[in-house]
Amino acid sequence: GLVAGDGIARGTTVLGVDIGGQAPDQAAKTLRDALAARAKAPIAVTAGSVHTSIVPNQSGLTIDYPATVAQAQTRSWNPVDLLASLTGSRELQPVLTVDQPTLDNAIATIAADADHPAKEPTLTVAADGSVTLTKGASGTIIDKKAASSAITAAFLTSTGPIDLSMVTAEPLVTDAEAQKAIGLAKTAVSA
């Protein structure tokens, strides 16, 4: 049921860890002790044909234990919350801290192996002045924004590999633009 003072209502859990009836500092320590291994557990990811994993605390993903506990201390007059406090069960989600640049670097490391960038068209000028066009080709790369969301969502909850979305990458220069450049190249070579 109810709790007096600053303690956390009985039956309050975070990812199955009971912090009910504890003072905030003790609840934060309980969570840190219970979730530390899980918070450091590598997250398996696949991207195209690449199978690897990232280590959350080395990739910018951590649990904010004090903020997680603070959620449990908020009093609400919402009837659903009141009923939950009376029936003695309340499951809270952990508050995550995401260091986006560090997570982006972890994704870039995976992308270095998984990406097959687009190939730009190239012009080759032979000794006789003839110009040859090698057409460009599209490639596939990790959708980095979707990867960031997927990895963050999987942190602490996923048991299987996270499949990072691959998207088509087109050359920056179209074959038609490269074809137009042949005329300029021939003019430059003959000058």
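What follows is a conversation about the helices, contacts and backbone of this predicted model.

Biologist: Let's get our bearings. How many helices and strands does the protein chain have?

Modeller: Sure, starting with the overall picture: the protein chain has 191 residues, and 33% of them count as buried. Its secondary structure comes to 6 helices and 12 strands.

Biologist: And of the contacts with a separation of 6 or more, what percentage comes from residues 24 or more positions apart?

Modeller: One example of residues far apart in sequence is lysine 186 with valine 131, 55 residues apart along the chain. For the protein chain, taking contacts with a separation of 6 or more, the share from residues 24 or more positions apart is 67%.

Biologist: On to the helix pairs. Are α1 and α2 parallel, perpendicular or oblique to each other?

Modeller: Helix α1 covers residues 24–40 and α2 covers residues 65–73, and their axes lie 9 Å apart. They pack at an angle of about 130°, and the crossing is right-handed. An angle over 115 but not over 145 degrees falls outside the perpendicular and antiparallel ranges, so α1 and α2 are oblique.

Biologist: What kinds of residue make that contact, by class?

Modeller: From α1 the contact takes Pro24, Ala27, Ala28, Leu31, Arg32, Leu35, Ala36 and Ala39, and from α2 it takes Tyr65, Pro66, Thr68, Val69 and Gln73. Sorted by class, that contact of α1 with α2 has 10 nonpolar, 2 polar and 1 charged residues.

Biologist: Proline 24 is in that list. How far is its C-alpha from that of alanine 70?

Modeller: Proline 24 is found in helix α1, and with a relative accessible area of 22% it is partly exposed. Along the chain, proline 24 and alanine 70 are 46 residues apart. Their C-alpha atoms are separated by 7.5 Å.

Biologist: Staying with α2, how wide an arc do its buried residues cover?

Modeller: The buried ones in α2 are Tyr65, Thr68, Val69 and Ala72. Residues three or four places apart in an α-helix point the same way, because there are 3.6 residues a turn. These buried residues do sit on the same side of α2, covering an arc of only 95°.

Biologist: What covers those buried residues of α2?

Modeller: One helix is in the cover, and we've already met it: α1. The strands include β5 (61–63) and β6 (90–92), along with β1.

Biologist: Now for α4 and α5. At roughly what angle do they cross?

Modeller: Helix α4 spans residues 100–114, and its axis comes within 10 Å of that of α5. The crossing is right-handed. The two helices cross at roughly 110°, which makes α4 roughly perpendicular to α5.

Biologist: Which residues of α5 touch α4?

Modeller: By class, the residues of this contact divide into 5 nonpolar, 3 polar and 1 charged. On the α4 side they are Gln100, Leu103, Ile107 and Ala111. On the α5 side they are Lys144, Ala147, Ser148, Ile151 and Thr152.

Biologist: Within what arc do the buried residues of α5 fall?

Modeller: Helix α5 runs over residues 144–154, and its buried residues are Ala147, Ser148, Ile151, Thr152 and Ala154. They line one face of the helix, since seen down the axis they fall within an arc of 165°. On the other side of α5, the exposed residues are Lys145 and Ala153.

Biologist: What is the phi of leucine 156, just after α5?

Modeller: Leucine 156 sits in the loop between α5 and β11 (162–163), and it is buried at a relative accessible area of 8%. Most residues other than glycine have a negative phi. Leucine 156 goes the other way, with a positive phi of about 75°.

Biologist: Leucine 15 also has a positive phi. Is it buried or exposed?

Modeller: Leucine 15 has a phi of about 50° although it is not a glycine, and it lies in the loop between β1 (12–14) and β2 (17–18). Its relative accessibility is 17%. The cut-off for buried is under 20%, so leucine 15 counts as buried.

Biologist: Last one: how far apart in space are lysine 186 and valine 131?

Modeller: Lysine 186 is found in helix α6, residues 175–190. It is partly exposed, with a relative accessible area of 45%. C-alpha to C-alpha, lysine 186 and valine 131 are apart by 6.8 Å.

Conventions: Residues are numbered from 1 along each chain as its sequence is written. This is a predicted model: local features need pLDDT of at least 70, side-chain atom pairs count only at pLDDT 80 or more; totals for chains, interfaces and linings use all residues. Side-chain values use heavy atoms; hydrogens and water are left out. Buried means under 20% relative accessible area, exposed over 50%, partly exposed in between (1.4 Å probe, protein chains only). Helices (H or I, at least four residues) and strands (E, at least two) are DSSP runs, numbered from the N terminus. The arc is that of the directions from the helix axis to the C-beta atoms. Axes are lines fitted to C-alpha atoms, for helices over the stretch in contact, and angles run from 0 to 180 degrees between N-to-C directions. Angles under 35 degrees count as roughly parallel, over 145 as roughly antiparallel, 65 to 115 as roughly perpendicular and the rest as oblique. A crossing is left-handed if the near helix is turned anticlockwise from the far one by less than a right angle, and right-handed if clockwise. Contact means heavy atoms within 4.5 Å. Ala, Val, Leu, Ile, Met, Phe, Trp, Tyr, Cys and Pro count as nonpolar, Asp, Glu, Lys and Arg as charged, and the others, Gly among them, as polar.
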